[in-house]
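Let's take a friendly walk through a protein structure, one piece at a time. Keep the 3D view open and turn it as you read.

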Amino acid sequence: MGKSERSAAVARPAPRTLPKARTGIEGLDQITHGGLPQGRPTLVCGGPGCGKTLLAMEFLIRGAMQFGEPGVFMAFEETGEELAQNVRSLGFDLDQLVAQKKIALDYVRVEPAEIEENGEYDLEGLFLRLGYAIDSVGAKRVVLDTIEALFGGFTNEAVLRAELRRLFRWLKDRGVTAVITGERGDESYTRQGLEEYVSDCVILLDHRVNDQISTRRLRIVKYRGTTHGTSEYPFLIDEQGISVMPVTALHLDHAVTDERVSSGIPRLDAMLGGEGYYRGSSVLVSGTAGTGKTSLAASFAHATAKRGERCLYLAFEESPKQLVRNMSTIGLALEPLIAKGLLRMHASRPTFHGLEMHLVQMHKMIVQFEPAAVVIDPISNFSASGSTSDASLMLLRLIDFLKSRKITAFLTHLTSGGKAMEATDIGISSIIDTWLLVRDIELGGERNRGLYVLKSRGMKHSNQIREFVITPEGIELLDVYVGPEGVLTGSMRAAQEAREQAAALALQEELAAKQREVERLQATLETQRRNRAETALRRGGEAARAKGKKPA
Amino acid sequence: MTSTERWDLRLYTAGQSPKSLAALSNLKRICDEHLAGRYSIEVIDLMKNPRLAKDDEIVAIPTLVRKLPAPLRKVIGDLSNEERALVGLQLRPHK
């Protein structure tokens, strides 16, 4: 028994990474490859209002609720009452957790005005309090928020620094996973410049405003003994707490499928090898204003939801209500699909958030809704809330993310007039699998729409330009007239068709007339033939009679 | 401040640490000298009763709390500087 156990232990490779305590915070566990260092202190630092306290609190609450690890929250700035109020807006009932002995709250008030210093002291009182709180709930997690408030209460910095060092050591010895929050200093990550050295993991939070648009970012500055993502990751604070977008390396190893999904327009499906788009591919429709991009997008969304698959429609120009109304005029009833929960629309202005925030928000919605298809209408405005390269990078990340989940992406792009049609100013054309182009065709005093497939990877596709007509019953694609008269669309095509029809009719009539002529001739011939035969018979009889007479 | 006023003092310590012991002996000396017969000292060992640290928001050890006369005053440290201790307890006005 013992022998076999030992051999099993030898066969199994020793775990290389540190034991980690999951935070339960969306995305953070991915970036840290599993969570915060278990049984060790982590420093979360940043300026005011960057979300330190919330991150620490969420770590503690999720630990207590999801991972069965009770926790202690030692606050130096806010009272228990205030903290409970703050997290109630995020749907956490702190009071109940305290009542259930899953979390212990201890508000430590340090009032410098009341305190006189005289001679030697240490912070043993704090240690004893913390120890008592840990024991009272059997805590595995501890939060100290924020360390600066403690420093503010005492003047003897030498003692404080020594005690801070001792505190980190003490937390390690107690084996609790600790989060200590700290204000960001001018030159170092913290005011004292000490905490970051004694912590095993340092997370820096940042709240930046660029061009009046704010973005929160998170970066892991250090993490002893393990690998971690080193980029700055945007994060979002909303009704569900913190979510971090783990936008790491761009992978190009998504699984692919041969499955096809309809575009919602039979004739367009026919142009795409007869079956439509590939599931999980990226589709781009680009064109100038008013060429029907949104109608194409809505047709696709409608078809997706009609099949019983979920579709997320992210509108960046129109409100959902306006879209529903407008699409109802071209025969697309979106309302019932929204009511069934198959279609979800979300509208926001591109300039409302920074790009990263949009990305995080979309990411979050996609993870929650798990759609089969996502429509983004349009992508062109994103460059307004960031530089063009930022926008293209964001879309690249988004498309990669969608592909990794086999979600079909349908993007529309407004081409500004005067630029090359075959270029997007966001520069994402290379990552698009199927690219449809809608363009104006001005001819004969009319403006008509033409559609063609610019590219479609991995399928046989039509090289024809189709006239794109929006009717009250939906979108129709018609053959454009190509002939000796050139390419004709709109009423010129109709006129040409009418002319051809008239010509055909005339030909038919001529044929019918000829037919009648032939029939008449045939009838005449028949009569003549019959007359001839009768004459012959008559003559034959007379001859016989004459013969009979002669011999007689 | 009348000379008949009662002084109610509380000293928070952590076990028998040198600082705690120094604070207690320093405090006794000061009180005997300036408040003879009208003071009481309650020593609270937080090692034994960590729960009690909450009441007076104790973080540092040793901490001396003047409960009476009001207002509440706190002096942290081993009270090795008698002059400052007297000022801190408002037994002597700031100079």
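## A helix wrapped up inside chain A

Helix α11 of chain A is largely enclosed by the rest of the structure, because 13 of its 14 residues are buried. Keep in mind as you explore that this is a predicted model.

You can find this helix at residues 293-306 of chain A. Does its length fit its number of residues, or what else would we expect? Counting 1.5 Å a residue, α11(A) should span 20 Å, and its end C-alpha atoms are indeed 20 Å apart, which agrees. Just after the helix comes A:Gly308, with a positive phi of about 95 degrees.## Chain A as a whole

Stepping back, chain A has 16 helices and 25 strands. Of its 552 residues, 42% count as buried. Look also at the contacts in chain A with a separation of 6 or more: 70% of them are between residues 24 or more positions apart.

## Strands β15, β20 and β21 of chain A

Strand β20 of chain A (residues 434-443) is a good place to see strands pairing. Strand β15 (residues 282-287) of chain A runs parallel to β20(A), and five bridges join the two. In this pair, A:Val285 stands opposite A:Leu436.

β20(A) also runs antiparallel to β21(A), with 10 bridges joining them. One bridge partnership here is that of A:Asp440 with A:Arg449 in β21(A). The two strands form a hairpin with two residues between them, and A:Gly444 in the turn has a positive phi of about 55 degrees.

Now look at A:Ser456, which belongs to strand β21 (residues 446-456) of chain A. Is this residue buried or exposed? It has 21 C-beta neighbours inside 10 Å, so A:Ser456 counts as buried. Leaving aside neighbours within four places in sequence, A:Ser456 is in contact with A:Leu272, A:Thr434 and A:His461. A:Ile432 is 24 residues away from A:Ser456 along the chain, and their C-alpha atoms are separated by 8.6 Å.

## Another hairpin in chain A

Strands β11 (residues 232-238) and β12 (residues 241-244) of chain A run antiparallel and are joined by four bridges. A:Asp238 has A:Gly241 in β12(A) as its bridge partner. Two residues make the hairpin connection from β11(A) to β12(A).

## A sheet shared by two chains

Which strands make up the open sheet that includes strands of chain B? There are five, in the order β6(A)-β4(B)-β3(B)-β1(B)-β2(B), and their pairing is mixed. β6 (115-117) of chain A and β2 (39-45) of chain B stand at the edges with a single partner strand each, so one side of each is left without a neighbour in the sheet. On average, neighbouring strands of this sheet are turned by 20 degrees against each other, direction ignored.

Follow the order from the chain A end. β6(A) and β4(B) run parallel and are joined by three bridges; A:Ile115 has B:Lys74 in β4(B) as its bridge partner. Next, β4 (residues 73-76) of chain B pairs with β3 (residues 63-68) of chain B in the antiparallel sense, over four bridges. Here B:Thr63 stands opposite B:Ile76.

## Where the chains touch

How many residues of each chain are in contact with the other chain? There are 28 in chain B and 21 in chain A. On the chain B side, the elements that give two or more residues are β4 and α2 (82-88). β4(B) gives the most, with four residues. By class, this side of chain B has 16 nonpolar, five polar and seven charged residues.

## The helix on the sheet

Helix α1 of chain B (residues 18-34) packs on the shared sheet, where it touches β1 (7-13), β2 and β3 of chain B. Its direction makes about 165 degrees with that of β1(B). At 1.5 Å a residue, the 17 residues of α1(B) should span 24 Å, and its end C-alpha atoms are 24 Å apart, which agrees.

Which residues of α1(B) are buried? They are B:Lys19, B:Ser20, B:Ala23, B:Asn26 and B:Leu27. These buried residues cover an arc of only 135 degrees around the axis, which puts them on the same side of α1(B). What covers them includes β1, β2 and β3 of chain B. The face turned away from this buried side carries the exposed residues B:Pro18, B:Ser25, B:Asp32 and B:Glu33.

Key. Residues numbered from 1 in each chain as written. Chains lettered and ligands numbered in written order. Predicted model: local features only at pLDDT ≥ 70, side-chain atom pairs only at ≥ 80, totals over all residues. Pairing = 2+ DSSP bridges. Axes fitted to C-alpha atoms, helices over the stretch in contact; angles between N-to-C directions. Contact = placed C-beta atoms within 7 Å. Expected span 1.5 Å × (residues − 1). Buried ≥ 20, exposed ≤ 12 C-beta atoms within 10 Å, placed from the backbone. Nonpolar A, V, L, I, M, F, W, Y, C, P; charged D, E, K, R; others polar. Arc of directions from axis to C-beta.
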